[in-house]
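Here are some notes to read alongside the model, set out as numbered points. I hope they help you find your way around it.

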Amino acid sequence: MESIRIAEFFKNKSILVTGSTGFLAKIFVEKVLRVQPEVKKLFLLVRAGDAASANRRVQTEILEKDLFKVLKDKHGDGFHSFVTSKLVPLAGDIVQEDLGIHDSDLRRNLWKEVQVVLNVAATTNFDERYDVALGVNVLGAKHILEFAKRCVRLEMLLHVSTAYVAGEQSGLILEKKFLMGETLKGDSYLDIEAELSLADEKKRELRAEDAPEEAEKLAMKELGIRRAKLFGWPNTYVFTKAMGEIKLPFSYSSSVCNLSIPSSYLDFQQGDLPMVILRPTIITSVHSDPLPGWVEGTRTIDSVIIGYAKGKITCFFGDLDNIIDVVPGDMVVNAMMATMAAHSGQQAELVYHMSSSVRNPVTYATLEHCGFRYFLANPRVGRDGSVMPTKRLRFIKSMVGFRVLMTLRYKLPLEVMHLVNLLSCGRLARGYNELNRKYKFVMHLVELYKPYAYFDGCFDDLNMERLRMATKKDDAEAKMFGFDPKHIDWEDYFSSIHIPGVMKYAFK
C-alpha cells in the first residue's frame, strides 16, 4: 500500500454522514473540520421532522458538546459562520427509502455532490426490539447502499459495523466477509427477507390482539433474541449488524456456500462500489485528540464502572485473566479517515478490524485494578455527604458460581418473602414485586453480557496493520491520525483518562 495523505484527501470533499448525533460521528465531524477546514460540505443526516428540527438537533446534540471546545477556540468569534458554511443538517431516517429525504430537489443535489458516504447509524442495544433493530441495522444498510449507488461522484462508502458480528467464536478471528446466507451455526441458511417478514407478521399479530404496548415491546425483544440464538449469535444487536453486512455488495461465491441463493438477494449484489467495512471492538473514551476522556452515554464497560461508583455493584462475573478488547473512540475515527483516503475510488472488498487484542492486549484485571486505585484516590461521596468506603470489586470466575451466589443471596430470600406475602394476604406485595423485578432485570443483563465477560477470541488486524504502515510513511500524518493500539499505556489510560472521563461526562 502506498503512502497516503489523509488530511489532503478531505480537501473540497462533500461527505454524507448517517447517525450524525452518535458518539463516533461527533468525533469524526469535529476532526474533519479541525484538520481540514477546506472540506466542502458535511451533510449530517438526523432523525427529524423538518429542516428546523434537524438544525436544532445539530446545534444542541453536536456543536454544543465539550468535544468542540478546541475547534471553537481555534475559530473564536468566527466559529458559528465557519460551521454554518460547512455543515448541512438533513432531516431524514435511514429506515426509510431515500433515507427519508422527501425533497426531490435536495435528493438530486446530494446525488450530484456527495463523494463519500459514511454509515455509522445503528441501534446498539443488545436486546433491541427485533423490528427496530432490523429497520436500522439491516434495512438501513440496504437504503444507504441504494442511495450511494445514485451518487454519480461517489469515491467511497464506509460502513461501520462491529467486530462482534463474530458471535462467540474463539481463537484468532480473521478480517473476512460474510458469504450470502452464512450463519454461525452449522449448515443453516439465513434468509434475510424471511426475517423481515417474520418480524412484520409478529407485530401485526400482536396489534390484532390489542396487546398492550409493553407486552408488544417485550414480545418483539424476545423474538429478536430467539432468532439470533437460532442462527448462532448471542443477541439481537450483533445478529442484525451481521445481516446489515450481508446486505452490502461484497462479491460472493455460491460454490463455497453450496446453497441456493434467493433471487431477491441478487439485486443488492449488482454493481461494484468502492466500499469498505470497518469493525471496531468495544469503543471507549477519547484517548488524546481533541479532549482526553470525552465520552458520551453509557458504553459497554462503563455500566460496570458506574455501578461500582454508585456502590450498587459489589461483585460481578467473568474471568479477570480474559482479554478485554477495547479501542478509544478517537483512534477508531482516525482509522475511519485513513480507510477513506486509502481506498477512495478503488473497487475495494476489504474488512478491517479496529482492535487491540492482538497488538496490545489488556485484561479485565487491569481495568479492575485501575478502578480500585482510582476510587481509593478519589473517594466517592454518598447522598448524605459521607465518604463511601472503597472495596475491591469481587469477580466470580465461574458462571455456575455466580448463579449459586445470586440464588443464595437474592433468589431464596425472594421466595421466602413471596411465601410471607401470601400468608399475610398480600401486605408485602409491592416490596416483593419491586425486588423480584430488579432480580429478573439483573439476571437478564447477565445473560446479555455473559458472552463478552467470557469471550475467548482475539481479532486479527493484518489488514489494519498494513494501513497503519502506510500512514507511518509520513511522520506528520502518523502523529495527526494515530490509530496504533501499541502506543496505549492501558494502566495510565484507564486510571488517568477513561475512568475520570466516565465520571465527568457519562456519570450524572
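1. Which residues lie nearest the centre of the largest cavity? In this predicted model, they are I301, V304, Y364, L367 and F395, out of a lining of 26 residues. The space in this largest cavity comes to about 390 Å³, and the count of cavities of 30 Å³ or more is two.

2. Where does that lining come from? Helix 15 (364-377) gives the most to the lining of the largest cavity, namely six residues. At least two residues each are supplied by helix 13, strand 9, helix 15 and helix 17. By residue class, the lining of the largest cavity splits into 21 nonpolar, three polar and two charged.

3. Next, an open space. The second largest pocket holds about 1100 Å³ and has 28 lining residues, with K312, I313, F441, V442 and L445 nearest its centre. Two or more residues of this lining come from each of helix 13 (302-309), strand 9 (315-317), helix 16 (399-423) and helix 17 (429-453). Helix 17 provides the largest share, nine residues. The lining of the second largest pocket has 19 nonpolar, four polar and five charged residues. Helix 13, strand 9 and helix 17 are worth displaying for both spaces, as they are named for the lining of the largest cavity and for that of the second largest pocket.

4. Now the sheet. Seven strands form an open sheet in the order 3-2-1-4-5-7-11, and the pairing is parallel. Strand 3 (87-92) and strand 11 (349-354) are at the edges with a single partner strand each, so each has one side without a neighbour in the sheet. From one strand to the next, the twist averages 20 degrees.

5. The pairings can be followed strand by strand. Strand 1 (residues 14-18) is parallel to strand 2 (residues 41-47), with four bridges between them, and S14 sits opposite K41 in strand 2. Strand 1 also runs parallel to strand 4, again through four bridges, with L16 opposite V117 in strand 4. Strand 4 in turn is joined to strand 5 (residues 156-160) by four bridges in the parallel sense, where L157 is the bridge partner of V117.

6. Which way do the residues of strand 4 (residues 116-119) point? V116 and L118 face one way, V117 and N119 face the other, and all are buried. V117 is thus a handy residue to select, as it stands opposite L16 and has L157 as its bridge partner in strand 5.

7. Two helices deserve a look against the sheet. Helix 5 (residues 79-86) packs on it, touching strand 2 and strand 3, and its direction makes about 55 degrees with that of strand 3. Helix 18 (residues 462-471) lies across strand 7 (275-280) and strand 11, at about 90 degrees to strand 11.

8. Why is helix 18 described as largely enclosed by the rest of the structure? Seven of its 10 residues are buried, so the description fits. The buried residues are N463, M464, E465, L467, R468, A470 and T471. Their cover includes helix 1 (6-9), strand 7, helix 14, strand 11 and helix 19 (475-480).

9. Helix 14 (residues 329-343) contains A341, which counts as buried at 15% relative accessibility. A341 and A7 are 334 residues apart in sequence, yet their C-alpha atoms are 8.5 Å apart in space. Beyond its neighbours within four places in sequence, A341 is in contact with R5, I6 and F9.

10. Finally, some backbone checks before you set up any calculation. The peptide bond between D289 and P290 is cis, with omega about 5 degrees, and P290 is in the loop between strand 8 (282-284) and helix 13. D98 is not a glycine but has a positive phi of about 60 degrees, and L99, also a residue other than glycine, has a positive phi near 60 degrees. D98 is in the loop between strand 3 and helix 6 (104-113), and the place of L99 is likewise between strand 3 and helix 6. Are they buried or exposed? D98 counts as partly exposed at 29% relative accessibility, whereas L99 is buried, with a relative accessible area of 0%.

Key:
Residues numbered from 1 in each chain as written. Predicted model: local features only at pLDDT ≥ 70, side-chain atom pairs only at ≥ 80, totals over all residues. Heavy atoms only, no water. 1 Å grid on protein atoms, 1.4 Å probe; cavity = no way out; pocket = protein on both sides within 12 Å on 5 of 7 lines; lining within 4 Å. Points joined across faces, edges and corners; volume = space filled by probe spheres on them. Nonpolar A, V, L, I, M, F, W, Y, C, P; charged D, E, K, R; others polar. Pairing = 2+ DSSP bridges. Axes fitted to C-alpha atoms, helices over the stretch in contact; angles between N-to-C directions. Contact = heavy atoms within 4.5 Å. Buried < 20%, exposed > 50% of the residue type's maximum accessible area, 1.4 Å probe, protein only.
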